Amino acid sequence: MVSTGSTTRGGSTTRATFVGMPAFPAAARTALADSQLRANLAHATGTIRAKRLHVVSEVDDWEELRLAGAAIKDNTLRHLDEHLLTLETALTARGATVHWARDAQEACRIVARVAKDNAVDEVVKVKSMVTQEIGLNEALATEGVAAWETDLAELIVQLGDDLPSHILVPAIHRNRAEIKAIFERSMAAAGRPAPDDLTDDPARLAEAARLHLREKFLRARMAVSGANFAVAETGTLVVVESEGNGRMCLTLPEILVSVVGIEKVVPTYDDLDVFLQLLPRSSTGERMNPYTSTWTGVTPGDGPQQVHVVLLDNGRTRALADELGRQALRCIRCSACLNVCPVYERTGGHAYGSVYPGPIGAILNPLLKGAGHDPQTDSLPYASTLCGACFEACPVRIDIPSILVDQRAKVVDAHRGRPSVTGVAMKGAAATLRTGRRLGLAEKLTPLGLRAARLLGVAHRWTSARDLPPPAAESFRAWWQRTDGGRDDDQA
Amino acid sequence: MTTKPDARSEILARVRGALAGTDVAPVQVPRGYRSRPERLDRSGLLTRFVERVEDYRAQVTRCAEADVIRTVASILPTGARVVLPPGLLWDVPGVADDGFTATDLDGYAAVVTAATVGIAETGTIVLTHGPGEGRRALSLVPDLHVCVVRADQVVADVPDAVRLLDAESYRGRPQTWISGPSATSDIELDRVEGVHGPRTLHVVLVS
């Protein structure tokens, strides 16, 4: 697929990277040509859409829950500094060590230092978007620390030296036959090999993952997680999951480091009553996910006795400064917007060139990095038809279409002064439309121009997806003049 | 000479800078969901709890208080090694947790625990890992989890459960919310029960 590198160090480090990915239109073209990918995606997103619709329709006051979720997050963001300080105080009081990280590099350094200080050379990982965002596995590998992904889909991606393509199901682009092949090829190099009699039955594949990872869970001394929520008042972190790999990582090792984006904070424990209703139904389409774990610093005699929390900015304060865009920080990473998006369903996640694909990725990446950061990020606000399905599905009512439009404007602003095809065309149009005489001249030349464009193929980027209309035999203005505005038309 | 600000001060300063000039008046949070009309009577609620737990392909057995020990014993496979949390109210067969290592626990086939709350709407049981429930590893590593829930612990929905668990006595204690056996939908979004957590969850509802 988009993988560019090779696997080293016993399969623990993957060199597949989003760095250097082409802009969305080019990447999407490659993805669209992959019919297996499109079939996998259509099946998977269709399944999850139906499940979500079923469980959401069970909740009479769903719209009120969405409003409540949005309001809680907005209120928190407006006083984010205060809530972060409250969270820090509560965590420290409960025996956790709090670190602050301005960017990805700083966060990775902190995690690596904890590993080094404890003479740890491998960590087990709970599925976490934020550790992917900061490239933690790669950073740990350069420090000689192996990071084992333990979520089934993450394991498939890691063993396949692949890239994630969905927030909830990073291996959504793989079907069961492909997964079986990856397990047979790569499990042995990373630990316990796949069973000899493995089939492509999902239950058998899940069992192979269970056997492969159990020895790692039992021996790991350190785990790394993210958090779905961080309760400021109590210092409680929350991880929502399905497989029990999260519980294994959060419970069995001696040392736990959780990397938490600063927008994950909620003020009080009882605020969770909204999000624990919104998240599972929006995400996996279940009334409740199989396991939700909460922990508050160190619990003597139960679970990790050395607990670290890394509070990460990495662009979040940039997004917070964007008056319209800051609502993207409400996001609870459910992925409902991906599953309903007609663009995502056809291109898949890799085309977005980021760990955050789909509609939320199309706004989050430019908000975190800033317009004009790089051509790939600048292409994302255009990766949408603005149909609005994402807004309808979003459990915290992020108005993604409006932010997309606003981000498009910001991309244009960032490129002002630099020549562009659109810019030249618009300048030309302005000059042509300034006087009737120039327009008349242009109209006479249009048939010629269109014919020339067709012959020379210069309009290819337009015509590859659309028809170039045939030139009219006579322009409107010429017709008006000839027929005196239609009065003499019958005489023509 | 200026020193580079530390990460903490710099992030807080960035947050304050980003919010400068923002209207910080609180947005009203609608809380109607916390007082939903009761649609089910007590017995209807318990029936719903059972149905919803079973929806996750967990097993449920209902029994009277006097029959808990016999019921649990009949669920445990013959000859299975069973580990028990300290403070379990029912004298079921098994070995009391003695601070076993994870590898030790992996040698046990089953665990029997109590619970703190059951949620009818979602078929969820919540453990707060106090007496009778045991530390978190105990109900995680063995492959069969038998969980005894008393009928009076079953509440209607998530807001009711959160209100109960927000009590001072649970502050700071870890919680595990369990809805069925471990499961994954990571392969083609088809649900498969049984991954890393207990592959079988058997709830005993006592009324």
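Q: What makes a residue count towards the contact between chain B and chain A, and how many residues does each chain give?
A: The contact takes 61 residues from chain B and 72 residues from chain A, where two residues are in contact if their C-beta atoms, placed from the backbone, lie within 7 Å. This is a predicted model, in which local features need pLDDT of at least 70 and side-chain atom pairs count only at pLDDT 80 or more, while totals for chains, interfaces and linings use all residues. Residues are numbered from 1 along each chain as its sequence is written, and chains are lettered from A and ligands numbered from 1 in the order in which they are written.

Q: Which helix of chain B gives the most to the side that touches chain A?
A: Helix 1 of chain B gives the most, with 10 residues; helices (H or I, at least four residues) and strands (E, at least two) are DSSP runs, numbered from the N terminus.

Q: What makes the residues of that side of chain B nonpolar, polar or charged, and how do they divide?
A: Ala, Val, Leu, Ile, Met, Phe, Trp, Tyr, Cys and Pro count as nonpolar, Asp, Glu, Lys and Arg as charged, and the others, Gly among them, as polar; by this rule the side of chain B that touches chain A divides into 26 nonpolar, 19 polar and 16 charged residues.

Q: Why are strand 9 of chain A and strand 9 of chain B called paired?
A: Two strands pair if DSSP finds at least two bridges between them, and strand 9 (residues 291-296) of chain A and strand 9 of chain B have four bridges in the antiparallel sense, so they are called paired. A:T294 stands opposite B:Q175 in strand 9 of chain B. Within chain A, six bridges join strand 6 (residues 236-241) to strand 9, and these two run antiparallel.

Q: Why are strand 8 of chain A and strand 8 of chain B said to stand at the edges?
A: The open sheet of eight strands has the order 8(A)-5(A)-6(A)-9(A)-9(B)-6(B)-5(B)-8(B), with mixed pairing. Strand 8 (265-266) of chain A and strand 8 of chain B each have a single partner strand, so one side of each is left without a neighbour in the sheet.

Q: Which residues of helix 5 of chain B are called buried, and how do you know that they line one face?
A: B:V158, B:P159, B:A161, B:V162 and B:L165 are the buried residues of helix 5 (residues 158-165) of chain B, a residue being buried if 20 or more other C-beta atoms lie within 10 Å of its own, exposed if 12 or fewer, and partly exposed in between. Seen down the helix axis, these buried residues fall within an arc of 160°, so they line one face of the helix; the arc is that of the directions from the helix axis to the C-beta atoms.
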